[in-house]
2 protein chains.
Amino acid sequence: MKRWTLEDIGKLAGVSRSTVSRVINDHPHTSPAVRQRVEQVIRETGYQPNSAARSLASSQSRILGLVMPSLLQSAFADPYYALVIQAISQACIQHDYTPSLFLFQNAAEEAKMSQRLASSGLIDGLIVTADTIDSQFVQMIQPYDIPFVQIGRPQRESASCISYVDVDNEAGAYLAGSHLLQQGYRRIGQIATLHNTAGQDRDAGFRRALNDRGLPIDEALIALSSFSEASGYRAMQHLLPRQPEAVFAQSDAIALGAIRAIRDSDLRVPEDIAVVGFDDMPLAASSSPPLTTVRQPIARAGKLAVETLLDIIQTSPQPARHIVLPVELVIRASSGAVS
Amino acid sequence: MKRWTLEDIGKLAGVSRSTVSRVINDHPHTSPAVRQRVEQVIRETGYQPNSAARSLASSQSRILGLVMPSLLQSAFADPYYALVIQAISQACIQHDYTPSLFLFQNAAEEAKMSQRLASSGLIDGLIVTADTIDSQFVQMIQPYDIPFVQIGRPQRESASCISYVDVDNEAGAYLAGSHLLQQGYRRIGQIATLHNTAGQDRDAGFRRALNDRGLPIDEALIALSSFSEASGYRAMQHLLPRQPEAVFAQSDAIALGAIRAIRDSDLRVPEDIAVVGFDDMPLAASSSPPLTTVRQPIARAGKLAVETLLDIIQTSPQPARHIVLPVELVIRASSGAVS
DNA sequence: CCAATATCTGGGAGCGCTCCCAATTCTTGC
DNA sequence: GCAAGAATTGGGAGCGCTCCCAGATATTGG
């Protein structure tokens with residue numbers, strides 16, 4: 001297949017380069033007859049404009065970068081990331097943008113790439129999922145003027161000047177905690193992940209739920225974990241001797257691990273210990289028992305992140321956009337509310 | 001931050017555009033003194049070459065596309081894909097290439113994008129994970145002359161002329177089957193996924209293992225499934241009434257679903273039914289019981305796919321490269337071999 | 001029917017690089 | 001000490017597009 005150029009197509013259609021360009025970019029001031037003829041030729045030749053030339057001339061690449069800094073091997077296995085990636089990829093394609101993926105293993109890689117990402121012009125904007133407390137990535141790209149949006153709340157100091165799309169983790173955890181209280185449980189444990197902002201917010205919501213009912217927080221019933229099944233299992237093993245009646249796990253993966261730990265000790269869910277998760281992953285509905293959990297709209301968040309970023313690119317970075325999506329409690333068997 | 005150009009850097013270093021270009025691209029014929037001066041200026045300014053201009057002039061983008069056609073929402077949740085993506089992203093960055101991700105939902109999207117991917121010059125090469133029997137994607141890009149590598153064996157008709165990186169699914173399933181036979185099991189079931197080539201190969205290996213021991217295949221003990229936990233659960237439910245002594249599940253996700261189904265029927269693994277999986281996902285080692293499974297080198301396969309693709313790009317598409325990686329059996333508790 | 005305006009079209013300039021060739025400078029050998 | 005050759009360096013051309021302006025053509029009103 002020949003590599004056609006605008007000029008070629010123009011010649012074949014009997015018009016100039018510029019006219020073909022106008023047709024392709026849907027600019028006004030082209031007569032319907034000409035437009036049709038050109039479109040015909042484009043269809044017949046299978047012409048595709050050269051993206052490099054386009055980028056160079058228009059100084060925009062129509063490529064969006066998705067950056068996930070310093071993920072542990074296991075952390076990335078959480079289906080959460082797969083869903084985020086999928087949603088963003090979808091949204092990009094829908095808006096005729098190309099998604100590029102940057103998964104970094106360590107700070108050195110981040111540093112090396114941040115400059116390139118920000119100033120080679122390869123990428124029009126960045127979506128960053130850097131809500132771990134110690135991630136430096138956002139600080140590294142802020143000095144550059146590349147548009148970016150964070151998924152998840154940034155750390156407090158910088159939150160106001162950074163655009164982000166988040167889900168209402170605090171409210172979700174509040175719902176989860178309140179639900180367990182409503183079921184009559186009093187010794188309620190939590191498996192928490194405090195090294196990212198989502199975990200902190202969920203922790204805050206959980207505590208507020210207990211406070212609102214006048215229940216003191218028993219710190220011995222709070223176990224720390226990372227966002228993985230195995231780590232949820234371990235955390236639950238620590239909690240078991242303290243005999244909680246119920247546990248709020250900060251993610252579904254953690255909840256699944258916790259359930260496994262409970263069953264391995266020959267206890268039943270929810271009869272002996274009730275469990276609530278967070279995320280509503282596909283797995284949650286079909287686990288044994290089906291998991292009561294807080295549904296967060298991951299796909300919508302991803303889509304909104306892309307659209308917010310495009311808005312920033314097309315209009316102006318100021319003011320920073322802050323979007324917080326509502327979540328809902330999905331009640332299933334694991335919390336003892338349904339048989 | 002100013003957007004520097006080669007010309008700017010040249011002026012600052014007292015040399016010409018061309019010399020700076022030579023330094024950046026590590027071409028020979030530059031005096032050490034000049035080279036050092038230029039590198040100094042580049043460091044001070046933070047200059048990054050404009051990728052669009054580079055692509056246009058050199059007609060290569062240093063972008064690799066990763067295409068995953070028509071994945072169901074749930075299929076993508078399988079950590080397998082996350083690991084593949086991670087490995088490929090890593091390998092790209094290592095080789096100074098940028099990975100782009102194309103997840104397609106349906107055939108229409110595939111058709112629309114295949115042409116663009118193949119002939120806009122945006123992408124230097126493609127890695128395709130299209131081993132489902134009915135995927136048309138490979139056929140759609142074959143007419144173009146864009147280099148591509150498939151992960152997983154292509155369908156028979158086209159396998160010889162397509163470069164691919166695969167793992168030895170047949171041998172792995174043979175190992176799994178033989179292992180169960182060696183444990184003394186005779187009524188051995190299989191949960192199979194036949195709509196992709198990996199599943200077919202695993203099926204063949206499993207059957208060969210049984211055949212080699214003179215055991216007839218009981219088709220009633222073979223249940224069909226897709227690559228998901230939930231679907232493994234359902235398949236196992238079908239198998240349970242037939243009372244298999246052991247089950248070979250074609251993936252770890254399926255195996256986990258099967259184990260859940262077995263336990264939900266108040267049977268034990270491995271005492272009542274032994275289970276072997278395939279993949280050796282991170283989860284497999286820490287499940288209850290730990291899963292005997294066939295370890296496939298996903299990260300290595302991803303890395304090799306990238307490197308094979310780069311080799312094709314840099315040298316020639318001919319002859320087609322065929323790489324089949326060995327797998328190994330990892331024996332854990334679920335097959336009854338260890339206490 | 002022609003001037004005035006609105007609509008359409010063509011071509012020059014330029015985006016920031018790479019590639020190539022010619023010009024310049026530096027070596028080296030006899 | 002000077003020619004022949006090798007190592008450096010500079011600048012033109014061009015990659016395929018977009019953007020803009022000027023010229024051509026069509027449309028309208030008086």
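**View 1. A:S335, a buried residue in chain A.** At 0% relative accessibility, A:S335 counts as buried; here buried means under 20% relative accessible area, exposed over 50% and partly exposed in between, with a 1.4 Å probe and protein chains only. You'll find A:S335 in the segment after β12 (328-330) of chain A. Strands like this one are DSSP runs (E, at least two residues) and helices are DSSP runs too (H or I, at least four), numbered from the N terminus. Setting aside neighbours within four places in sequence, A:S335 is in contact with A:H179, A:L180, A:Q183, A:Y185, A:P270, A:A274, A:V275, A:V276 and A:T292. Contact means heavy atoms within 4.5 Å.

A word on the model: it is predicted, so local features need pLDDT of at least 70 and side-chain atom pairs count only at pLDDT 80 or more, while totals for chains, interfaces and linings use all residues. Residues are numbered from 1 along each chain as its sequence is written, chains are lettered from A and ligands numbered from 1 in the order in which they are written, and side-chain values use heavy atoms, with hydrogens and water left out.

**View 2. The domains of chain A.** Chain A splits into domain 1 (6-49), domain 2 (63-167 + 298-326) and domain 3 (169-296 + 329-335), with bounds from an automatic or database domain assignment. Taken over C-alpha atoms, the centres of domain 1 and domain 3 of chain A are 60 Å apart.

**View 3. A:I24 in helix α2 of chain A.** A:I24 lies in helix α2 and is partly exposed, with a relative accessible area of 27%. Leaving out neighbours within four places in sequence, A:I24 is in contact with A:L6, A:I42, A:Y47, A:P49 and A:R54. A:Q150 is 126 residues from A:I24 along the chain, and their C-alpha atoms are separated by 33 Å.

**View 4. The protein around DNA strand D.** The strand is surrounded by 28 residues, and the closest are A:L6, A:R17, A:S21, A:Y47 and B:S18; a residue is near a strand or molecule if one of its heavy atoms lies within 4 Å of it. Phosphate oxygens of DNA strand D sit 2.4 Å from a polar backbone atom of A:L6, 3.2 Å from a polar backbone atom of A:N50 and 3.2 Å from an N or O atom in the side chain of A:R54. Two or more residues each come from α2 (17-24) and α4 (51-58) of chain A, together with α2 (17-24) and α4 (51-58) of chain B. The largest share, five residues, comes from α4(A).

**View 5. The protein around DNA strand C.** Here 29 residues surround the strand, with A:S18, B:L6, B:R17, B:S21 and B:Y47 the closest. Of the atoms of DNA strand C within 4 Å of the protein, 53% belong to sugar and phosphate. One phosphate oxygen contact puts a backbone N or O atom of B:L6 at 2.7 Å, and another puts an N or O atom in the side chain of B:S21 at 2.6 Å. On this surface, α4(B) gives the most, with five residues.

**View 6. How chains A and B are related.** A turn of 180° and a shift of 0.0 Å along the axis lay chain B on chain A with an RMSD of 0.1 Å. That is the relation of a two-fold axis. The fit is by least squares on the C-alpha atoms of residues with pLDDT of at least 70 in both copies. In chain B, B:S100 comes closest to the rotation axis, at 2.0 Å (C-alpha).

Conventions
A polar contact is a pair of N or O atoms within 3.5 Å; within protein, one must be able to donate a hydrogen and the other to accept it, and residues adjacent in sequence count only if both atoms are side-chain atoms.
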